[in-house]
Every structure is written in structure tokens, then in C-alpha cells.
Number of protein chains: 2
Amino acid sequence: MEHMNWNTQQTNRRARQARAAEALGAQRQGKTVLAEAIATLLHAVIEPGDRVCLEGNNQKQADFLARALTQLDPARVHDLHMVQSVLALPEHLDLFENGIASLLDFSFSGQQAGRLAKMVSAGQIRIGAIHTYLELFARYFVDLTPRIALVCAQSADAQGNLYTGPNTEDTPAIVEATAFRGGIVIAQVNELVDAVPRVDIPGDWVDYVVLAPKPNFIEPLFTRDPAQISEIQVLMGMMAIKGIYGEYGVQRLNHGIGFDTAAIELLLPTYGDSLGLKGKIGSHWALNPHPALIPAIEAGWVKSVHSFGSELGMEDYIRARSDVFFTGPDGSMRSNRAFCQAAGHYACDMFIGSTLQIDLNGHSSTATLGRISGFGGAPNMGADARGRRHASPAWLKAGAQAREGRGGVSAMPRGQKLVVQIVETFREHMQPAFVEKLDAWQLAEQAGMAIPPVMIYGDDVTHILTEEGIANLLLCRSDEEREQAIRGVAGYTPIGLGRDKRMVENLRDRGVIRRAEDLGIDQRDATRNLLAARSMRDLVRASGGLYQPPKRFRNW
Amino acid sequence: MEHMNWNTQQTNRRARQARAAEALGAQRQGKTVLAEAIATLLHAVIEPGDRVCLEGNNQKQADFLARALTQLDPARVHDLHMVQSVLALPEHLDLFENGIASLLDFSFSGQQAGRLAKMVSAGQIRIGAIHTYLELFARYFVDLTPRIALVCAQSADAQGNLYTGPNTEDTPAIVEATAFRGGIVIAQVNELVDAVPRVDIPGDWVDYVVLAPKPNFIEPLFTRDPAQISEIQVLMGMMAIKGIYGEYGVQRLNHGIGFDTAAIELLLPTYGDSLGLKGKIGSHWALNPHPALIPAIEAGWVKSVHSFGSELGMEDYIRARSDVFFTGPDGSMRSNRAFCQAAGHYACDMFIGSTLQIDLNGHSSTATLGRISGFGGAPNMGADARGRRHASPAWLKAGAQAREGRGGVSAMPRGQKLVVQIVETFREHMQPAFVEKLDAWQLAEQAGMAIPPVMIYGDDVTHILTEEGIANLLLCRSDEEREQAIRGVAGYTPIGLGRDKRMVENLRDRGVIRRAEDLGIDQRDATRNLLAARSMRDLVRASGGLYQPPKRFRNW
């Protein structure tokens, strides 16, 4: 057996800290480092090839540290392996253009998706893999542990205790993985204080704290102006509530982002109430604090909401509704993306969200040509959680429908998660949502991916809901039936027009396809008047003035 | 809209604290409460019907608090809804006998499984559901949030900061869910100190701390004496390493508990090395610090181990191997069951574990008549993680095998987790491991469960390994093939004897079934000499004296 040093990471960590101490001199006081010395600190503690987690969340961004990183000397700091949830800022890609970083593992790229695709084609970025959030966090504890974590908090005290405020988001997962494997944690904060309002991250997990010149950027990603909800979306929301939520008795759920699900949230206390569904659906949520949920909360529909992150403007409302939200002793929310994703995976009976493309097998993807966007949390919440073992009526009913009359391995009784894709048959610019072949295939080829980037696999999707109706894929007994069920709700798209009319009518007779009229919904009732709030102002009013929308949403 | 109070939980929490302050008087100093006042504290803060999370882990136990709870006055405290990972101590069931608690949601019951079944039959306990660990934690944030958490730590300071030492386990998940939803957190500790060695739980998440009269109980659950490993187990381990680990190039994995997997751990640096597999398999682990892994670690096989909990006696070894384990500034491990289960679900390519019964569809269960044991982490790690989106060679190969030649929804390329069930065809007392029908069916009926308690569903199992060979279920193309593949490794059990010999030989020709000789393994080589350690003493020696087994394992 060879003689080995088994504490190289700890030794190396101390060497980095010693370099930082020497380089910073009086620019460091205890854990606190002056903002103007940030480059000195980063040059001292980062080594070429390091795996670096830069806190890029869905919402809050360690933007000061991101910018500082782009400005380092690529002769000294290069070939970094970036691991981060979201590529949100231009700096996240500048890093690669500047020769600082070369390899990327991530979850979601949003607005940077087009530029990312170009840089991958040009060989400026190698992508390790695209992950769902919880999967990326999981790898932080296995084979993608960060050596350096650059994170973001609201305030810190002299001991390095961090207060994240409501946007705790990814910080606990990142810091735990880094701090307990000999890594170095650097936090940018908006304030240095004598005592933090509560401790979100213990000070002894944090090495350096920098007061950023400006408060960190936060994106109000989950705010949807009710004024923009269309009557088609109202109709689809009514079908969802009556034909799925009510049908299965869905109490615990997650909503994807978008106007389709905002419409549903605003229909609960009106249309949902008229169906007598109050108390029977929508009581427990894994959800960011969507402003559109305010009317349902005020009407007493919602027992609890646990959140991935927060939402700008909802702070006072959350504080005043602590029975519903998870809040700390300071009154503000404690969000946590890792736990909320676990909740979305294992403790919810339904995920409903939208997509850009669906193929004839029901596979769906938001990956389109020229954009590498990733999927965020959708794959985690939009997959049947096969490890789940507790039963609920919704889960049992879905599982029974999928298994009825089946033999062999599929005969074992088992529940199933409801995974609903809600789309209009045509999206923006009259692009059909239904396609013969997903762009994901071509994208995989272009970007050298091992397999096409599918967001939700067809065998995990239980329902597809369009303005034409609901296709219940749980009831399909062959690939052919599944194809016709999908065609049967695909409207006037080429896929829809290619339907076998007789088979579609047969599926409708069997309840596999249900139109609005089959559900007893009169399309003339689907007006915006049904929405519990029809404008941002209505939402503010519903909140009793507690909700304070960001300026760009204030249009009155 | 009705007028509502939206902060009832916070108000109620303050009322409970006020009652405690009054009842305790001088028996409380800040957060610290005298041990002799524990009943006073619990009577003051617990209300009938409360949901209470009593920290019962796989290993460490809040045993002082458990005992205190059993001794409360059932006229004052009754109908508690207990939510906890593991029922490990008699007190966990005494609670129900004493009229303190009535409803139970849990994950694993181990030694209490027989008594639990009796008490359920007798109507003394209602079971909400049985969960896999991460699923139960997930529900803590959705519909099973504790009102009271009774947890366990090594030490606390006057501010209530908790140090868990290496057995962090479930504490962070429990406390976060409780503290941020208006609940009350009470910790028993082994020591009160001026300053904790590190902060595992911030003090402002903790309401009361009690110095327990005795250190908390910890079970060395993952220690297996190599002396008890049989040559059959050596043979099965060789087949596993050559026919599965090597075949797929499995780098990231989790091992279940037991002698079968301990044998594999001890064969890596000997047999695995002789196959040239060092660096190609077994580098990253989601695993408790198994003593049996010491020789592989010492031989340089293991790059990292993240752990659910710790293991008694491994403290000094872990401290001296910080490159491998996740350790804190104090040198001791930081385990975390929630993150390690996420790692096992999403960041591992393989789960291998044992079971008690397998049926002809490959469904397996450890649930047997007269025992309600639960499954702990196995369902989470032994399920295909369908939300996973990053690729690895092992995952891609398994996925390709499952999909080869298939059409429709199954034609989409996708990876798959390797889920291996390793069993001898006969277990203790000559009970066959293969059965026509799982006991789970009858148990479900007896205990009024909605569906049979299956540990791992047949369509998630990829390989079944017995002393007779490996059945690769990924390659089966029909229920009939799957049945014959299972019969083909079921040896002399009635299931094995019922095989269709011609079909089994055909499956063998196709590589669906592989015998030791098909893998080029000579059964005569399968001796205990191949084990890198053949006794506890060998393990201690391999660790350079750092591993200090608990007394009951010291047999030299």
C-alpha cells in the first residue's frame, strides 16, 4: 500500500487562506474583505482548473462576484469548471469568453440560451451536462463538489453568519457541499450588521464576506399580470379545474410558471368555488409565492405554501400570512430550493406546466434550435416519483387508471403522479405546439449531447390539455391510442389535422379525450370575468394593500 | 370575504412559550431547561392532537426525549400524530400503548416491526403511511409539518446553537421544517458548552435545550464483521464486480446494508484490482462510512463518500481521511440524510441491495407477515430517477439495453439507473427468496393498506444476482422472458425448479442470464482469501489503527 496524504484538500485550503491573508493585508478584517479588494481575494484563493459554484439562481444573483470573476487575469485564473443552477447574467457567459472558465454544468439558462448555443458551437464552452436543480445539488455531494462557492445573502455579521432574507433559494445546498469538503465560501452581502435578523447560514461555514457596492439583482420571475390572461386560457383553466383537479381531488401540487397556470390560480376562488371544490383541491403547494395565488389564499383555499425562492413585492403579504408560508422569527420567508424540489418530487400529487413542443409519443421539450435553455425544476417535478410509497386518493386513482386491465409487471397496484402539460395548440407566431419530431433531436446532434434534451418524457405525462380538450394518456393502451389521443387535442395543427377521426371519436366515447362540452363546460362562460383578479391592481386590492408589485408591473 | 387571523400559528407558539416560561420558572435559564423539568416543559408546550416529530434516526436517537414523552399524563397530552424516520426504541411504541399518541407516519421500524404489526392489528396505532426517508422529509414541508420537534445533538451553547458531531443525519430537515412554520424545537444534548465546535443548527432555530442525563443512543448499524462473510457471498461479489460494476463502468453508487455488499467492498482492492478495474469503478459513493470500505479507501479506490449518517468507531479514521469524507472545521463528519438521499437518487448510477422476497415479475419486498418494517432509503435509491437529465456511460448503457429494438414511446433514447437485487436463493431457515406471491399482498390486507408494500418494483429492477448467476432484466422483452430470467437464477427453490429449461438456455445464449462460468469466473477461486479483510482485526489493521470498533465487534 502506497503512502498517501489524505488531507490534501484541507492543506490546500489553508494555503489558499494564507495567500489571501498575505495579499489582502489590512483590506481584510476577520472574515470581512473590502469590495475594492475582491480581485485580490479571488486571485489569491482560486487556482486554475478549480470547480467553482457561482450562485446564479432562478431569482437572486451573486452579481457582484460574477462581475469580479470576469475581470480576473486569465493568465492566473483559467479553465474553471463552473457549476451553477442558472445562467442568468451576461457575466455568466463572459467568463467563458474571457478565458476564465471552460467547462459548465448547469440547470437552466433562460435569457442566455441563444448566446450559450452560439458559444457552444464556437467551441468556447464545453457543457458537462444539463440537470434538473435537485440533481445538480445531488452531484455537489458526489462528483461535482465545488472547491469555491461564490454566494449571495442579504446581510452578514462579523462572524460571517448570513441572513438571506426570503430568497434563501440554493444557498444552503451550495455552502454545505463546499464548506464540508475543504472548499472556500465567499459571500457578497447587501449589508454588514451587528446581528443578523436570523441565521440562514452559520458563520463557521463561511470564509469571506464582501459588502457589495449595490444590492444583488433579483428577478421577479413568477409575477404574471392578470390583464394578459386570455379567454382561451380561462377556458383551459376551467377544463383543468373540473376535468383534472376536481376529477382526481388534487390537494398537493406544483404549478409551472406562466399565464396558463396563473389563470387556474385565479379561477380557484370563483369557478372552483362554484363547483363546490373548496377544501377538496389545492390546499398544499410547493410553489414560489405567486401573486396570482393571493385571491385563493384570501378566500381560505390554501393551507400551506413552501417555496423554492421568493417573489419581489410579496414580502409584506407573506409576513402577514405566516399561517400559509414558511417564515422565520424575523417574519420573512425561509425558502429552500432543495427541500422544495424534494417536496415537488415526493410530496405532490400533481405537476402542471407548459412546454414549447410535444411529439406524437407525448415527449415534450422547451429545447428549440439555436437555444440551449435547460429545464430547471420541471424534470424533477414532472416525473413519476417511482420511489414514493405513501398513498393519496389522487395518486391511487391515476395509478389505477394506468394499470387497469394490464398484466405482468404492470399488474402490481401502484399509484402515479399526475403530470399535466397545458398548451395552446399554436404558440406565438403561429408555431404549432405539436410536432412530428422534437427540435431536441437536432439540437442534440448540434451540441454533441448523448441523448435528445427532453423535458418530460411521454411515459411520465398523464394529461395533455389544450383549448380543444383533455387527452388522458393514462387510459391509452397502445402507442397508437396515445398518438390518436394527442392528435385529438392538437386542433388545427398539422398533427391535429392528421387524426384518424373515427379513432378519435372512439377515444372520446371512452373518456380518453374530453372536450369542454363533455365536461359540462359552456365555452361562452369562459370569460375574463371569471378571474378573481383581472389586473395587477386587483391583486394588490385582494392582498389588502400588502402586495407591492415591482414598478414595471404598476400600470395604473 | 371573511375576516381571518392569518398568524394563528405564531400566536399559538407564543402562548405555548409563555406557558413554558411560567411553568418552568427558575428551571429554565434562557434556552436551557433542567433535565428534571422535562415533563413540565413538554406538558406546557405540547397540545393534544399535535403533530410531533421525534428524532428517531437510523442511528442516533433522541432517547431521553422519547422516554420523557412516554411518561407524560395522557389526560393532558394525547392523540399525538407522530412523524419520524425510524421506530427504533421500545419507547417509540410505548407512546401509543400509553395513550399519548394515536397516529403514525414513518419510514422504517427495524426491530420494532413485529410489535408494530401487533399494535396495528389491535387498533392501538393508526398508520398514516410508510415512506422512503426523503419522501417523509418532503412531506414535512407540505402536509406533515411538525408542530413540535424533539431532536438530538452532541452539544449546545447558551444561544441554542447545536453541534451534532458526525451524526447530523435528519436533524437539519426536521428543524428547518418545524422552526420556519411556527413550531417549537426542543433538543436533548450530551454536553452544554461555551462554544460549539461548529454550528450544525443555528441557535435561533432552536427553542429549548436539555442536557440529557446520559449520552444519546447510537446504533452501529453498518458494521459487518468480515469473519461472517461466506464463500457464496464471495462468489456473488465476484459476479457483481465483473458482470455488473465492470460491465457498466459504475463509478457512482450506493450499497445497501448487509454482508453481500460488504463482501463486494472487500473484494474491490483484491479481485477488482486483478481485473484492472481500479479507477474505472467505485470512485464516488453515497454511503454511510462502512468499515468494510476501509481497504478500498486505503488502496486508493475511493475519491469521495457522502454519508446519510456516521458509524460508531469510524470517527478518527474519517478525521484522518478528509479528502474522502465530508468533514467540518472540527474534523468530524457532517452527514446529512436529506442530501445523501438526493445524491443516492439523482447522482448515483447504481443501487445494489438485498431483499427478503422476489416474485416472478421481479417485485421485491422485505415486508413479511406479522412485521411492518418499512423500507428506509431503498425505494428512493432503488427507483429509476426519471427526472435525471445528466448522462454517464453506465446510465446510458443501461438505458440503451432497455430500449434496444423498442418502438413508440419507448424508442426515445434515455438512460436508466442500475438497480440490482443481490440475494441467495435460500435465506435463513431455508426460506426461498423467490416466491409466487409476495407476503406484501396479505400484509396489505391485514393492515388495511391501499396497495401492497413493495420495496422495489419489478420494472425498476435491472439485475437479480444469486449464487446461480445474474439475470439482466433490461434485456427481457416480455413478461414471459422476465419470468424465465428470474426462474433461471432462482436455483433449487420451487420457482427455480419451475423454469422452462429451453427458454432459460436461450436467455443464457443471449446473455440475459449469465452464470459464473459465462463470466469467466472459476467458482474454486471464490474463497475467503480473496477478501481484503477477513476479520474485524484486519479492518482495524487496514485503517492503521484509526478504526475503533465498538466493543461487541472486538472479538480478538
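# Two chains, their contacts and their cores

Mentor: In this predicted model, chain B and chain A bury about 8,600 Å² between them, and carbon and sulfur atoms carry 60% of that area.

Trainee: How many residues does the contact take from each chain?

Mentor: Chain B gives 101 residues and chain A gives 101 residues to the contact. On the side of chain B, the residues that lose the most area to chain A are B:Trp6, B:Phe180 and B:Arg389, which together make up 10% of what that side buries.

Trainee: What makes A:Arg386 and B:Asp460 a salt bridge?

Mentor: The closest N and O atoms of A:Arg386 and B:Asp460 are 2.8 Å apart, and the rule asks for a side-chain nitrogen of Lys or Arg within 4 Å of a carboxyl oxygen of Asp or Glu, so this pair meets the rule. Across the interface of chain B and chain A, the rule finds twelve salt bridges.

Trainee: Which residues are linked in a network of salt bridges?

Mentor: The network links A:Asp105, A:Arg139 and A:Asp143 with B:Arg252, B:Asp349 and B:Arg388. Over all chains, the structure holds 72 salt bridges.

Trainee: What does the pair A:Asp207 and A:Arg13 tie together?

Mentor: A:Asp207 forms a salt bridge with A:Arg13, with 2.6 Å between the closest N and O atoms. A:Asp207 sits in the loop between strand E9 (184-192) and strand E10 (208-211) of chain A, while A:Arg13 belongs to helix H1 (residues 8-24) of chain A, so the pair ties together parts that are 194 residues apart in sequence. Both A:Asp207 and A:Arg13 are buried.

Trainee: Where do A:Glu169 and A:Arg337 lie in the chain?

Mentor: These two residues form a salt bridge as well, A:Glu169 and A:Arg337 having their closest N and O atoms 3.1 Å apart. A:Glu169 is in the loop between strand E8 (162-163) and helix H7 (171-179) of chain A, and A:Arg337 is in helix H12 (residues 337-346) of chain A, so that the pair links distant parts of the chain, 168 residues apart. Both A:Glu169 and A:Arg337 are buried.

Trainee: Why is A:Arg499 called buried or exposed?

Mentor: A:Arg499 has 17% relative accessibility, and the cut-off for buried is under 20%, so A:Arg499 counts as buried. Its side chain meets that of A:Glu468 in a salt bridge (2.9 Å, N to O). A:Arg499 lies in the loop between H17 and H18 of chain A and A:Glu468 in the loop between E20 and E21 of chain A, so the pair ties together parts that are 31 residues apart in sequence.

Trainee: Which elements do the buried residues of H16(A) pack against?

Mentor: In helix H16 (residues 479-487) of chain A, the buried residues are A:Glu481, A:Arg482, A:Gln484, A:Ala485, A:Ile486 and A:Arg487. They pack against strand E20 (463-466), strand E21 (469-472), helix H17 (494-497), helix H18 (501-509) and strand E22 (513-514) of chain A.

Trainee: How do you know that A:Cys152 has no disulfide partner?

Mentor: The closest cysteine sulfur to that of A:Cys152 is in A:Cys53, at 12 Å, whereas a disulfide needs the two sulfur atoms within 2.5 Å, so the distance is too far for a bond. Over all chains the structure holds zero disulfides. At 0% relative accessibility A:Cys152 counts as buried, and B:Cys476, at 10%, counts as buried too.

Trainee: What holds for the boundary between the two domains of chain A?

Mentor: The domain assignment gives domain 1 (31-211) and domain 2 (226-537) in chain A. The area buried between domain 1 and domain 2 of chain A is about 2,300 Å², with 56% from carbon and sulfur atoms. A:Leu134, A:Pro166 and A:Arg198 supply 24% of the area that domain 1 of chain A buries against domain 2 of chain A, more than any other three residues. The rule finds four salt bridges across this interface.

Trainee: Which residues have the most contacts inside the largest nonpolar core?

Mentor: This core has 186 residues, and those with the most contacts inside it are A:Leu162, A:Phe434, B:Leu69, B:Met82, B:Leu162, B:Ile186 and B:Phe434. Strand E7 (residues 148-156) of chain B gives the largest share of the core, seven residues. Leaving aside neighbours within four places in sequence, B:Leu162 is in contact with residues including B:Val151, B:Ala153, B:Val189 and B:Ile201.

How values were computed. Residues are numbered from 1 along each chain as its sequence is written. Chains are lettered from A and ligands numbered from 1 in the order in which they are written. This is a predicted model: local features need pLDDT of at least 70, side-chain atom pairs count only at pLDDT 80 or more; totals for chains, interfaces and linings use all residues. Side-chain values use heavy atoms; hydrogens and water are left out. A nonpolar core is a set of buried Ala, Val, Leu, Ile, Met, Phe, Trp, Tyr and Cys residues joined through side-chain atoms within 4.5 Å. Buried means under 20% relative accessible area, exposed over 50%, partly exposed in between (1.4 Å probe, protein chains only). Helices (H or I, at least four residues) and strands (E, at least two) are DSSP runs, numbered from the N terminus. Contact means heavy atoms within 4.5 Å. Domain bounds come from an automatic or database domain assignment. Buried area is the accessible area (1.4 Å probe) that two parts lose on being put together, summed over both.
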